[in-house]
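Subject: Structure handover and notes

Dear colleague,

Please find the structure below, handed over for your own work. My notes on what was found in it follow directly after.

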Amino acid sequence: MESHVDVLIVGAGPAGVMCANALAAAGIHVKIVDQRPSKVSTGQADGIQPRTIEVLQSYGLAERLLKEGCQMHMCAFYNPDRDGILARTGRAPDITAPTARYPFEVLLNQGAVESIFVDSMAKHGLTVDRPIVPASIELSNDSGQLADPFSYPVKVTLDHLDTPGKQEIVHARYVIGCDGAHSWVRRTLNITMDGEQTDYIWGVVDIIADTDFPDVRNRSAIHSTSGSCMIIPREGDKVRFYIQLSDSDVLDPVTGRVDKNRMSPEKLLEVARKILHPYKVDEPKTYDWWTIYIIGQRVASRFSVNERIFIAGDACHTHSPKAGQGMNASMNDTHNLAWKLVQVIRGRADISLLKTYELERRKYAQDLIDFDREFSTLFSGKPRTAENDDGVSHEQFLRAFQTGGGFTSGVGVHYMPSAITNEIHQQCAPHLIIGERMPPQIFIRAADARPYDIQDMLPSDTRFKLLFFVGYLTEERVKELNALSEAMSDPSCFLQKYGYPSKGVAQNMFDIITIMSGDKEDVEFTRVPALLRPHWSKVLLDDTDVTGSLGGGAYKRFGIDPMNMSLVIIRPDGYVGMIAPTSALDDVNSYFAAFTIAREVAA
């Protein structure tokens with residue numbers, strides 16, 4: 001059997017299914033394979049951070065996540081009191097990032113999260129092929145073939161595990177290895193993992209807990225004289241315990257390696273009981289899931305080979321689960337990559353666009369490891385007590401927890417300048433940061449005064465969103481808008497040059513949204529020229545809704561002057577790519593020229 005596909009994805013964990021769903025929705029020919037005969041049903045990763053909920057919302061998938069998951073709003077901290085007895089030293093919001101649209105984490109097991117994507121993929125006619133593993137991968141070294149985005153330079157041989165001896169050959173334009181921390185794709189390409197293994201050994205166990213511990217439904221960070229533990233509430237009545245273990249609990253005295261057979265869920269809970277003393281945890285009826293691990297903090301030396309084979313998720317970064325980042329970092333990797341692949345495969349963007357994947361996500365992974373190193377050290381450290389003055393104080397831990405809030409929540413992710421992130425006119429909107437995601441902000445639709453969060457008008461549909469902040473519709477401004485509309489209708493303008501129309505499943509390149517200042521009582525949106533109001537729903541007003549409780553204040557919040565006209569370009573992944581005054585259309589032309597292929601317009 002031989003076949004040709006646009007993209008072959010190896011591994012159907014969170015990174016793989018996020019990618020497959022995004023590509024399938026865009027009409028790309030995808031094949032996704034996984035070695036497991038069926039998806040995971042329990043355990044594994046479980047925390048979904050605020051930014052990731054926003055991303056799922058942009059694919060229309062957050063509603064199910066919010067319905068099925070458990071929400072975690074508070075965090076409690078426990079430390080030894082003066083007599084060495086465990087006591088609560090405080091509670092704080094679990095999410096401290098002020099712009100989080102969803103100011104909480106959602107807890108849902110990995111299998112259920114994967115199902116959300118798998119069911120969405122099915123609507124686009126895509127299923128995971130299992131149980132299948134890659135046996136060999138070959139990348140052409142013909143420079144002409146590698147430079148041609150429409151060639152199939154990668155040849156992968158796949159083994160069907162349920163039929164011994166059955167193989168198939170797939171010729172792919174691009175391959176993405178989402179095959180986990182022990183990635184076959186990464187090892188076969190000789191990509192190294194740089195970093196180190198720590199000495200911290202942790203156990204995880206999921207149970208329905210019968211306990212008198214008062215914060216069992218909050219995230220609880222516990223430092224006691226017997227060790228450290230973190231409690232995470234889960235969907236239903238389940239609770240997860242992360243438990244610090246000592247070498248003697250799990251190391252084989254002869255080999256010095258971790259031996260899972262020396263541990264059991266019952267023993268793990270016994271260690272947790274010592275840490276939680278004087279609180280009690282009764283023996284549960286069943287143990288839902290358990291495992292042990294050593295924290296390794298490593299980043300792959302590169303995330304791609306010739307921009308043809310990529311690795312994503314745990315295949316390119318590993319870290320401790322305590323900051324709740326694993327599944328989030330993985331899904332955001334492929335959320336970043338998918339739209340870039342789509343534009344290149346459609347022939348609308350230059351293959352060089354794919355270089356920004358490693359540029360943006362490897363830097364993020366390194367920052368994540370640095371944060372995780374500090375957080376894990378504090379978490380695994382001994383608490384400060386009368387006898388141990390060098391221990392970790394509650395204040396120190398809380399400070400790290402809160403400083404890292406923007407980072408762990410995902411809302412503080414900042415992409416550095418590149419072809420798709422241009423900071424030249426940041427002063428047009430000093431508080432709307434180029435390289436960060438467009439924050440939530442409620443506007444009202446000018447046509448019917450219905451409040452809308454701007455994020456809900458920025459779906460992940462591969463289009464660039466052009467937000468025109470046009471200020472007040474004075475007579476003078478309407479004249480300026482007509483002149484702008486005329487300038488943007490010129491064949492040399494980016495809107496015409498790169499404004500690919502929709503074709504089949506492929507969306508058009510640009511979506512225009514105009515945002516006015518003014519009063520809902522007397523504004524007339526029909527005065528906006530047709531080019532800047534492609535549909536009645538695309539003209540917004542920076543005013544409150546009819547109750548006066550939602551919306552308003554956006555110009556002021558972002559630092560945009562309503563006396564001028566500004567354009568904010570939102571990338572297809574929801575990040576601010578560029579801001580410019582409408583008088584600087586040449587700079588906008590240069591922005592798109594850096595990575596977009598001009599369309600051939602019939603004369």
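In which sense, left-handed or right-handed, does helix 2 pass helix 9? Before the answer, please keep in mind that this is a predicted model.

Helix packing

Helix 2 passes helix 9 in a left-handed crossing. The axes of helix 2, which covers residues 50-58, and of helix 9 come within 10 Å, and they cross at roughly 40°. With that angle helix 2 counts as oblique to helix 9, because only angles under 35 degrees are taken as roughly parallel.

Helix 9 (residues 326-345) also packs with helix 1 (residues 14-25), and here the angle is about 30° while the axes are 8 Å apart. That angle falls under 35 degrees, so helix 1 is roughly parallel to helix 9. As for the handedness, helix 1 passes helix 9 in a right-handed crossing.

Aromatic pairs and a charge over a ring

The structure holds 19 aromatic pairs. In one of them, the rings of Phe213 and Tyr279 have centres 5.3 Å apart and planes at 85°, which makes the pair edge-to-face, because planes over 60 degrees apart are classed in that way. This pair links distant parts of the chain, since its two members are 66 residues apart: Phe213 sits in the loop between strand 12 (193-208) and strand 13 (219-224), and Tyr279 in the loop between helix 8 (265-276) and strand 16 (287-300). Phe213 is buried, with a relative accessible area of 3%, whereas Tyr279 counts as partly exposed at 22% relative accessibility.

Another pair is formed by Phe494 and Phe510, whose ring centres lie 5.7 Å apart and whose planes stand at 85°, so that this pair is edge-to-face. It too links distant parts of the chain, with Phe494 in helix 14 (residues 494-497) and Phe510 in strand 23 (residues 510-516), 16 residues apart. Both Phe494 and Phe510 are buried. These two residues also belong to a cluster linked by ring pairs, in which Trp339, Phe464, Tyr498, Tyr591, Phe592 and Phe595 take part along with Phe494 and Phe510.

There is also a contact between a charge and a ring to report, in that Lys260 lies over the face of Trp290, at 4.6 Å from the ring centre.

Cysteines

How many disulfides does a search of the whole structure find? The search of the whole structure returns 0 disulfides. For Cys316, the closest cysteine sulfur is that of Cys178, and at 8.5 Å from the sulfur of Cys316 it is too far for a bond, because a disulfide requires the two sulfur atoms to be within 2.5 Å. Cys316 is buried, with a relative accessible area of 0%. Cys493 is likewise in no disulfide, and the nearest cysteine sulfur to it, that of Cys428, is 17 Å away. With a relative accessible area of 4%, Cys493 is buried.

Backbone details

Two cis peptide bonds may be worth a look when you go through the backbone, beginning with the one that joins Arg130 and Pro131, where omega is about -25°. Pro131 is found in the loop between strand 8 and strand 9 (132-139). A cis peptide bond also joins His277 and Pro278, with omega at about 15°, and Pro278 is found in the loop between helix 8 and strand 16, which is the loop that holds Tyr279 as well.

Positive phi values occur at two asparagines. Asn190 has a phi of about 60° although it is not a glycine; it lies in the loop between helix 6 (184-188) and strand 12, and it is exposed, with a relative accessible area of 66%. Asn306, again not a glycine, has a positive phi of about 55° and is found in the loop between strand 17 (304-305) and strand 18 (309-311). At a relative accessible area of 45%, Asn306 is partly exposed, because exposed residues need over 50%.

A last position is Thr127, in the loop between helix 4 (110-123) and strand 8 (128-129). Thr127 is exposed, with a relative accessible area of 53%. Its C-alpha atom is separated by 8.3 Å from that of Lys31, although Thr127 and Lys31 are 96 residues apart along the chain.

With kind regards

Key:
Residues numbered from 1 in each chain as written. Predicted model: local features only at pLDDT ≥ 70, side-chain atom pairs only at ≥ 80, totals over all residues. Heavy atoms only, no water. Helix = DSSP H or I, 4+ residues; strand = E, 2+ residues; numbered from the N terminus. Buried < 20%, exposed > 50% of the residue type's maximum accessible area, 1.4 Å probe, protein only. Phe/Tyr/Trp six-rings, centres within 6.5 Å; stacked < 30°, edge-to-face > 60°. Lys NZ or Arg CZ within 6 Å of the ring centre and 35° of its normal. Axes fitted to C-alpha atoms, helices over the stretch in contact; angles between N-to-C directions. Parallel < 35°, antiparallel > 145°, perpendicular 65-115°, else oblique. Left-handed = near helix turned anticlockwise from the far one by under 90°.
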